[in-house]
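Please open the structure in your viewer and keep the selection panel at hand. The tour proceeds from the whole chain to individual residues.

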Amino acid sequence: MRGLSVSYAPPRKAASLGTGAALADADLDVRLGEVVGIVGETGSGKTTLARATVGLVRPLAGSIEFAGEDVGALRGRALRAFRRSGQVQLVFQDPLRSLDPDLTVADLVREPLDIAGTLSRRDRAERVDESLRLVGLDPDAMRDRQPRELSGGQRQRVSIARAISTRPRLLFCDEPVSALDVSNRNLVLNLLDQLRRELGLAVVIIAHDLSSLAGIADRVAVFYRGRIVEQGPIHEVLERPAHPYTALLTASAPSVEPGAGQSARLRPEQLVPPAGSRPWPTDGVCVFAQRCPFAHDACTDQPALLPIQRAPGRLAACHVAASWRDRLGGHQAERESA
Ligand SMILES: Nc1ncnc2c1ncn2[C@@H]1O[C@H](COP(=O)(O)OP(=O)(O)OP(=O)(O)O)[C@@H](O)[C@H]1O
């Protein structure tokens, strides 16, 4: 995705990009066999990115290149054909709501194949069994059951079997484990890890917290108010966040331990503006300025997502990415004198 922007406002109103866009100027690459995590608070644009990629919402600007084709520019019949092909599939957060309760497991897993219409009836039945086996379910025991006869973990496995039945190249999972208990969470995350290896899938996992992605994602993109503010290999991002918002996320997550590269754990109170600091407008400035203790005059412009020097593969959209750590001590003194 390059410069991808999406607005749900009517086209005339959405013409002024940046204000009110659900997603603004997003750049993201996902490669086959890779798991990319997406984190960010509610309403930050994570699902919008997924919906634009599968062709459910039309981008306002930018491109989505999939296997060499700009799928963001597809219209009409070409767009319907792309969606029917099932090359990009979505797994939703809550399988109980996303699976039709009147269909059997076999019907549910076969449905995307019926829509794609490329396999014979016999091949589709075989593909259903194969997909169920791939997610660790016994086809003979599961085929005729309905969603209400399954446990939460089994339902999520059926959702994944359904999504992989067309053998997609890219799988978007929107909070795939947030409706599950801890043991099922690990099972489903391990399953996604196994599928990306066995099927060579590119997987994008949307999550609320960074720590749930630590064991599975190769890279992570951090969203804040419709923008990607940081991107990079997950362990490096966790160990030494470049954006003050990512730093706040890691400092606020007790399960994220600082690694060898980070001398001391940052504390959340070091990463919020001291009382009485300069108020920032909500629009037209860096999206994080209002909540950033390090914001200064340069932050009246939204920074672009740029490579971080001497850190291959890492990007941050922050005017003070290279300097905010140096100000942590002084910032504490300012707070104490206030
Ligand atoms: N169908 C829609 N119509 C209008 N606005 C929408 C629609 N869907 C999302 N939005 C708005 O777009 C912005 C981004 O929403 P999005 O669902 O992409 O966020 P998210 O990061 O996925 O949130 P969550 O973690 O709650 O799923 C939000 O301000 C949201 O209110």
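A helix, as the word is used here, is a DSSP run of H or I that spans at least four residues, and helices are numbered from the N terminus. The model on the screen is predicted.

**The whole protein**

Begin with everything displayed as a cartoon. The protein contains eleven helices and 13 strands. Its radius of gyration is 22 Å, close to the 20 Å that the globule rule gives for 338 residues, so the protein is as compact as a globular protein of that length. Along the principal axes, the C-alpha atoms fill a box of roughly 75 × 45 × 35 Å. Of the 338 residues, 42% are buried. If one takes the contacts between residues at least 6 apart in sequence, 63% of them join residues at least 24 apart.

**The surroundings of the ligand**

Select the ligand next, and then the residues around it. Tyr8, Ala22 and Gly40 belong to this shell, together with Thr42, Gly43, Ser44, Gly45, Lys46, Thr47 and Thr48. Which classes of residue form the shell around the ligand? Seven of its residues are polar, two are nonpolar and one is charged.

**Helix α4 and its neighbours**

Now select residues 105-116, which form helix α4. Within α4, the buried residues are Val105, Leu108, Val109, Arg110, Pro112 and Leu113. Show α5 (121-134), α6 (139-142) and α7 as well, since these helices are among the elements that cover the buried residues of α4. Just after α4 comes Gly117, which has a positive phi, near 65°.

Keep α4 visible and add helix α7, residues 152-164. How do the two helices pack? Their axes lie 7 Å apart, at an angle of about 30°. Angles under 35 degrees count as roughly parallel, and α4 and α7 are therefore roughly parallel to each other. To view the contact itself, display Val105, Leu108, Val109, Glu111 and Pro112 on the α4 side, and Val158, Ala161 and Arg162 on the α7 side. By class, this contact has six nonpolar residues, two charged residues and no polar ones.

**Arg240**

Finally, select Arg240, which is in the loop between α9 (234-239) and α10 (244-252). Is Arg240 buried or exposed? A residue counts as buried if 20 or more other C-beta atoms lie within 10 Å of its own. Arg240 has 20 other C-beta atoms within 10 Å, so Arg240 is buried. As a last step, select Pro293, 53 residues from Arg240 along the chain; the C-alpha atoms of the two residues are separated by 18 Å.

Conventions
Residues numbered from 1 in each chain as written. Predicted model: local features only at pLDDT ≥ 70, side-chain atom pairs only at ≥ 80, totals over all residues. Rg over C-alpha atoms; globule rule 2.2 N^0.38 Å. Buried ≥ 20, exposed ≤ 12 C-beta atoms within 10 Å, placed from the backbone. Contact = placed C-beta atoms within 7 Å. Near = placed C-beta within 6 Å. Nonpolar A, V, L, I, M, F, W, Y, C, P; charged D, E, K, R; others polar. Axes fitted to C-alpha atoms, helices over the stretch in contact; angles between N-to-C directions. Parallel < 35°, antiparallel > 145°, perpendicular 65-115°, else oblique.
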